[in-house]
Structure formats: structure tokens, C-alpha cells
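Me: Hey, can you walk me through this one? I'd like to go piece by piece.

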Protein chains: 2
Amino acid sequence: MIEKKLIVDVCLSPQLYPAYERGDTIVVVIDVLRATSAICTAFEYGVKDMIPVATVEEAVAYKQKGFLVGAERNGIALDGFDFGNSPYSYMTDKIKAQTVVISTTNGTQAIEAARNAYKIVIGAFTNISALCNWLLLQNKSVLLLCSGWKNRLNLEDSVFAGAVTDRLMNSEKFTTGDAALASLFLYQQTQQSQIKFFHNSSHSRRLAAMGLKKDIKYCFSLDKTKHIPFLKGDRLVV
Amino acid sequence: MIEKKLIVDVCLSPQLYPAYERGDTIVVVIDVLRATSAICTAFEYGVKDMIPVATVEEAVAYKQKGFLVGAERNGIALDGFDFGNSPYSYMTDKIKAQTVVISTTNGTQAIEAARNAYKIVIGAFTNISALCNWLLLQNKSVLLLCSGWKNRLNLEDSVFAGAVTDRLMNSEKFTTGDAALASLFLYQQTQQSQIKFFHNSSHSRRLAAMGLKKDIKYCFSLDKTKHIPFLKGDRLVV
């Protein structure tokens, strides 16, 4: 019998991170709509590294120093920056071998909350298989950190956390915390009943109302990249 | 067509309450294992009122003044008090027409977090039908506040929140926030697959290990009482 000692758990809001913090755990930061999906895309399109910053002020300071900067709040790309939060905006040669600074409503806040973790990696449906296969090889506990929406739970990040939990639990290496189990059941329900769960997600509705259905479709696509961006110092790299 | 303007949402940890706080909303405090189940039991057995306090120090102070006091931490009844957190401990004539002070690991912390809400009521499987029928008559938005476990999500409170959401959504009066939808899907999954979900709950396992299976069974029983305790000033009353 394999000794079950690794834990997979889910933190459904960056604000709860201190309650879930444990040493020696890999933290997967999740912001399906759209920050972590966009970050994965940027690495697929050849960005050298990315600097996540929590505040617009920091983004402005980097812009003034001549960096390429993506900045978004409440689903809207901020004026005066190079990119917003749409994965499509990063599908460009402009970013190739460049450093890009990024600040978003929720995703970069989650990175900030977990900054002192043992290891931070970026997860999205667009890199889910690469991510899960890599996690299964690490022999470390895993905390799936959902960015949510302004400290509230959101549906798409929770379902993604359930999808990852599902893949990790197949290995029998892991045991679950309650939040991982809840996310797993939630994910199973969306699979079994074939609910188009993202139509019910408040942020999907918000983005759809902004004409961003194409973004939503892309962010729910599996395995667009094999990259797993991780935080090294203050930069995301692969 | 009925105008959907009432919101039912779920706050999965007392720590997230500020992110969900809205005026004019009924807050249902939930701590299935076992504080809110025990509180409902106490009112069924004729307690006059209950004073929830967050700290053990306050509980001691009330005890010294001669009050009946229930105090529990980490599933264990504290020495020197009259009751712990077991519903069975309140099934006694001793509490009839008396005031009982109560302090628990999570439940009384949730009450404390929401103390300034428009209205706070107590929910448990043991009063679920009375609670839902009453909520449906109020024409107010509803926030289901899960006590969780030390600011982390727990399975039984989340599933209960999903069960209440399910009953409220049948009325077509309510629209859901993402956390309510996630809890609803979670509840539906536990119903459909007939998973004995509470065997998977970390706190169920904790209590079962303490020999408290009888408590668990009772706390998952439906409709043992029609009382809906609510906070009036600093006291729970019916």
C-alpha cells in the first residue's frame, strides 16, 4: 500500500491563504478568466519573463521605465498600457524574448498573497495536462490557490481546481482537504450533468457582456501549451 | 415573469465575510458539526436565550457570574463548564427557561464576524425546513455564512449551504452568486451519487475518532425542530 502523506487542497480566495499556508507545498495560482490563461499564452508565444505586480502604481512605474506592461481592472484593459488581460493580446511577436509586466484585478493579487511559498506555478485549462503531469512527479503537497473575484469564490477557478484534484487523486499519492473534495465534487457535477457551467459563472457573464466570448472559449480550451510558468525571484519564467 | 432581484450567496469562511457583506441581507450562520445543531437543540429543549461569545475568557467570566456555560475548542468540551458542543448535552431540563452562554471553535466566531448584519439567524440540518420556509417569506437577499474550520472551508457546512440554495432556487425569487452555485452543484453531487459525503469530511473524521458518531448522525438529521434562533442584541432568541 502506498503511504498517503501528500495533501492536495484548495484555497478558494487569496484572503484565506494564511489559513492554508504550509511549508514545502507547491502553490498553483489559478485565474482562469483570464490572468493565468493569458500568462500561459504569453510563454507559448515566446515571452522571456513576466513581472507580476499587485498595484496599478507599480505597473505605471514600470511603463515609465520603458517596459512592456499589461494592466487590467474589472475586465477592462487600462489605457496607456500595451496589453490587457486577454490571451489574444499576447499572441504577438512583440513579446518575443521580452520582459512583460502584468497587473490584474485578481490573479496578480493571488501571486502576491503566496509570494513566500516554497514554489509558485501558474495553472490554467490551457496548460492543465502539463501541469498535472509535472505535479505528479514532484512528491510534494499541492495547494491550488484560486484567485476568485475580489476575495469571493468564483466558479471557473473552483471547477479548475476540482479538475486538477481529479487528476492528482488518480495517482493514489494524495489525500484531500475538505476544499479539494468540495472542488472535486463540483467538477464531477459539471462533467456528469454536462452543465455549461461557465455560462453560469458571474465573471463569464461579465466578460460575455463586454463582447469577450472568444476569450472565454479560449480560456476553457485544454492544453494549448506545455509551459508551466513559475515564480523565480520577482519574475515568472519557464 | 417574476423579477429576479434577491440574491442567495454563500460565504465559505467567516474570514471572507467582509467581501460578501451587503446591507439588508439575512445572514444564516451555519456550523453543522456542531454549534448551530446544538443551538437548535437547546431551543427545542426550552432554553430561554443563549449568549454566543467568541473567546474562552468571556465564557469564563460568565461562568464566574453564575451563568450556565457551554465551551468547546477543537471538538472537546472544556473543563469547568456545563456543556460542550454536543447537541445531546443540551437535551436536559437543566436548560429550561435558562440563559446559556456558548463559545465554540468556529460557530460563535462566525456569529461574531457578522454581528452588524441586518439579521442573523441560525441554520442546521435539524431546522432546515423551518428555516427555508421562513427565508422564502422574507423577501430579502440571503447570505449563507459557513463557519468552516479555522477559516478553512469544511464540507458539511458547504453541502448544507447547497441544500438551502436548492430549496430557495425552487421559488424563482432568487438569483445566485458563484459560491451559492458551487455549493448547489456540490450538494447535487452528494445527492446524486449518494456519496456518504460526511465520511469524507475532515471534521466528521475528527469527531468519529473521538467516539462522537452519534453526534454526527444527529447533526445530519433533518427537521428535529421548527425553531429558527435569531440574534437580538447580544442574545440568540426564538
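Me: Let's start with strand β6 of chain A. How many of its residues are buried?
Reply: This is a predicted model, just so you know. In it, β6 of chain A covers residues 99–103, and 4 of those 5 residues are buried, so to speak "mostly covered".

Me: Which way does strand β3 of chain A pair with β6(A), parallel or antiparallel?
Reply: Parallel. Strand β3 of chain A, residues 49–52, pairs with β6(A) over 4 bridges.

Me: What stands opposite A:Thr99 there?
Reply: That's A:Asp49, facing A:Thr99 in β6(A).

Me: And strand β4 of chain A, how many bridges does that one have with β6(A)?
Reply: β4 of chain A, residues 68–73, pairs with β6(A) in the parallel sense over 4 bridges. If you want a spot to look at, A:Gly70 has A:Ile102 of β6(A) as its bridge partner.

Me: OK, switching to helices. At what angle do α6(B) and α7(B) cross?
Reply: Roughly 100 degrees, and their axes come within 7 Å. That crossing makes α6(B) roughly perpendicular to α7(B).

Me: Which residues make that contact?
Reply: From α6(B) they include B:Ser158, B:Val159, B:Asp166 and B:Met169. On the α7(B) side, B:Ala180, B:Leu184 and B:Tyr187 are among them.

Me: How do the residues of that helix contact divide up?
Reply: Between α6(B) and α7(B), you get 8 nonpolar, 5 polar and 1 charged.

Me: New topic: the two chains. What turn lays chain B on chain A?
Reply: A turn of 180 degrees, with a shift of 0.0 Å along the axis, and the RMSD is 0.0 Å. That is the relation of a two-fold axis.

Me: Which residue of chain B comes closest to the rotation axis?
Reply: B:Leu186, with its C-alpha at 2.5 Å. The same surface serves both copies, too: 100% of the contact residues of chain B recur in chain A.

Me: How many residues does each chain put into the contact?
Reply: There are 26 from chain B and 26 from chain A.

Me: Which element of chain B gives the most to that side?
Reply: α7(B), with 9 residues. The elements of chain B giving two or more residues to the side that touches chain A are α1 (17–20), α6 (155–169) and α7 (178–192).

Me: Last one: how do the residues on that side of chain B divide?
Reply: On the side of chain B that touches chain A, 11 are nonpolar, 12 are polar and 3 are charged.

Methods. Residues numbered from 1 in each chain as written. Chains lettered and ligands numbered in written order. Predicted model: local features only at pLDDT ≥ 70, side-chain atom pairs only at ≥ 80, totals over all residues. Least-squares fit on C-alpha atoms with pLDDT ≥ 70 in both. Contact = placed C-beta atoms within 7 Å. Nonpolar A, V, L, I, M, F, W, Y, C, P; charged D, E, K, R; others polar. Buried ≥ 20, exposed ≤ 12 C-beta atoms within 10 Å, placed from the backbone. Pairing = 2+ DSSP bridges. Axes fitted to C-alpha atoms, helices over the stretch in contact; angles between N-to-C directions. Parallel < 35°, antiparallel > 145°, perpendicular 65-115°, else oblique.
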